[in-house]
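The exercises below ask for careful reading of a structure, and each is followed by a solution that goes step by step. Please work through each task before turning to its solution.

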Amino acid sequence: MNHGMIEAQELTKVFRVRATRPGLWGAVRGLFTGETTEVRALDGVSFRVPAGERTAYLGVNGAGKSTTIKILAGVLTPGSGRCLVAGREPRQDRYAHARAIGVVFGHRTQLWWDLPVADSFRILARLHDLPPAVAQANLRLFDELLDLGELADRPVRTLSLGQRMRAEVAAALFHDPAVLLLDEPTIGLDLLLKEAVHELVNRVAAERGTTVLLTSHDVADISAICEHVVVVDAGRVVHTGRLHDLLRQAPTRTVRFEYAADADLDAEPLARLLELELGGPAAVTVAGRRRVTVQGPPELVTPQRVLAAASALVAVTDLVAPEPTLGEVLRALYVAPELSRGRR
Ligand SMILES: Nc1ncnc2c1ncn2[C@@H]1O[C@H](COP(=O)(O)OP(=O)(O)OP(=O)(O)O)[C@@H](O)[C@H]1O
């Protein structure tokens, strides 16, 4: 069998949490009764990331993303199912696994809290047995892209979130891992630093063929780094495919146009007439004085159909059909994940 660099097969994970009844009083009572209930975080997650591929692992809050990443990182054991990362079960040979992967958990530090940043890197170099030339080349790269040098003497606990994240990303890449697991790696970073992280990850991945699995709520991270997506919902994979194809499958399209000032129709009647003319579930809104937005299913809302329908009512002066954004597509997918079921 041709294994992927990351391979998840029917992973499940159930957490036991304190049972609560509705409302604050119910939650407080739950503290004393000791009753517990189950949360099924993963309900049979299967997917594969081939070597060298950069995949976004997406889903709404609570979908099961971090739980999966923790299992792949060897921090958590699955209830059932199996996973292989770089050909190994994460918890079998923990030392070899630690050499093979780099991990960033945006919400948790992997560094030594009380030590200066430079000391963390010295320890990591020893732990991973890094040849000095490789360590120095990597530190130069991190300094160039993330200005890491200016943080070298600062204890990790004194860093701002953004400063710490720069050090975290660098630490994850320091030992040239074959697999990079990124869980919210740009949390707290400003726009410029986000772009620097994107550049670093892309450069390292392109030069070294690193396999990347990224979880992020930031669409800029996803579109800057990943070519593939896996979407989870309620602990199950509901979509896998190329990011490019996902954008083409947008369930709604938008066409915008403007019309000449001398129109006989007011905005509201125009909007309703246009909806009638287009038929089906197209929604028309008029912003400002003469800027019209038409949204609806891609087969209904094409530039040609909107132009024909609008020209029968007003003199169209400008018309654009913007490509759907990743944010729009993901919003639709998260709201109705069953839309994409069966496309696996
Ligand atoms: N240690 C835990 N104990 C109890 N429940 C947990 C634990 N970790 C996760 N869960 C629950 O498992 C489900 C999946 O959580 P997970 O953190 O994997 O989601 P996520 O997709 O990463 O969400 P987010 O986008 O908010 O980070 C949630 O319902 C969460 O509350």
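## Exercise 1: aromatic pairs

The structure holds four aromatic pairs, where the rings of Phe, Tyr and Trp (its six-membered ring) pair if their centres lie within 6.5 Å, and where planes under 30 degrees apart count as stacked, over 60 as edge-to-face and the rest as tilted. This is a predicted model, in which local features need pLDDT of at least 70 and side-chain atom pairs count only at pLDDT 80 or more, while totals for chains, interfaces and linings use all residues. Residues are numbered from 1 along each chain as its sequence is written, and side-chain values use heavy atoms, with hydrogens and water left out.

**Task.** Classify the pair formed by Phe121 and Phe174, and locate both residues in the chain.

**Solution.** Step one is the geometry: the ring centres of Phe121 and Phe174 are 5.1 Å apart and the planes stand at 75°, so the pair is edge-to-face. Step two is the location: Phe121 belongs to helix H4 (residues 117-127), whereas Phe174 sits in the loop between helix H6 (161-173) and strand S6 (179-183), so that the pair links distant parts of the chain, 53 residues apart. Helices (H or I, at least four residues) and strands (E, at least two) are DSSP runs, numbered from the N terminus. Step three is the burial, where buried means under 20% relative accessible area, exposed over 50%, and partly exposed in between (1.4 Å probe, protein chains only). Phe121 counts as buried because its relative accessibility is 5%, and Phe174 counts as buried at 1%. Finally, ring pairs link Phe121, Phe142 and Phe174 into a cluster.

## Exercise 2: the ligand shell

**Task.** Describe the residues that surround the ligand, and state which element gives the largest share of the shell.

**Solution.** Begin with the count: 13 residues surround the ligand, a residue being near if one of its heavy atoms lies within 4 Å. The closest are Gly62, Lys65, Ser66, Thr67 and His217. Next come the polar contacts to ligand oxygen atoms, each a pair of N or O atoms within 3.5 Å. A backbone N or O atom of Gly62 is 2.7 Å from such an oxygen, a backbone N or O atom of Ala63 is 3.0 Å from one, and an N or O atom in the side chain of His217 is 2.8 Å from one. The ligand taken alone exposes 640 Å², of which the protein buries 63%, with accessible areas coming from the Shrake-Rupley method with a 1.4 Å probe. Strand S1 (6-18), strand S2 (36-49) and helix H2 (65-73) are the elements that give two or more residues to the shell, and H2 supplies the largest share, three residues.

## Exercise 3: the setting of H2

**Task.** Is H2 largely enclosed or open, and what follows just after this helix?

**Solution.** First, seven of the nine residues of H2 are buried, so the helix is largely enclosed by the rest of the structure. The buried residues are Lys65, Thr67, Thr68, Ile69, Ile71, Leu72 and Ala73. Then, just after H2, Gly74 takes a positive phi of about 85°. For the wider setting, the protein chain has twelve helices and 13 strands, and 45% of its 344 residues count as buried.

Definitions and conventions. Polar contact = N/O pair within 3.5 Å; in protein donor to acceptor, adjacent residues only side chain to side chain.
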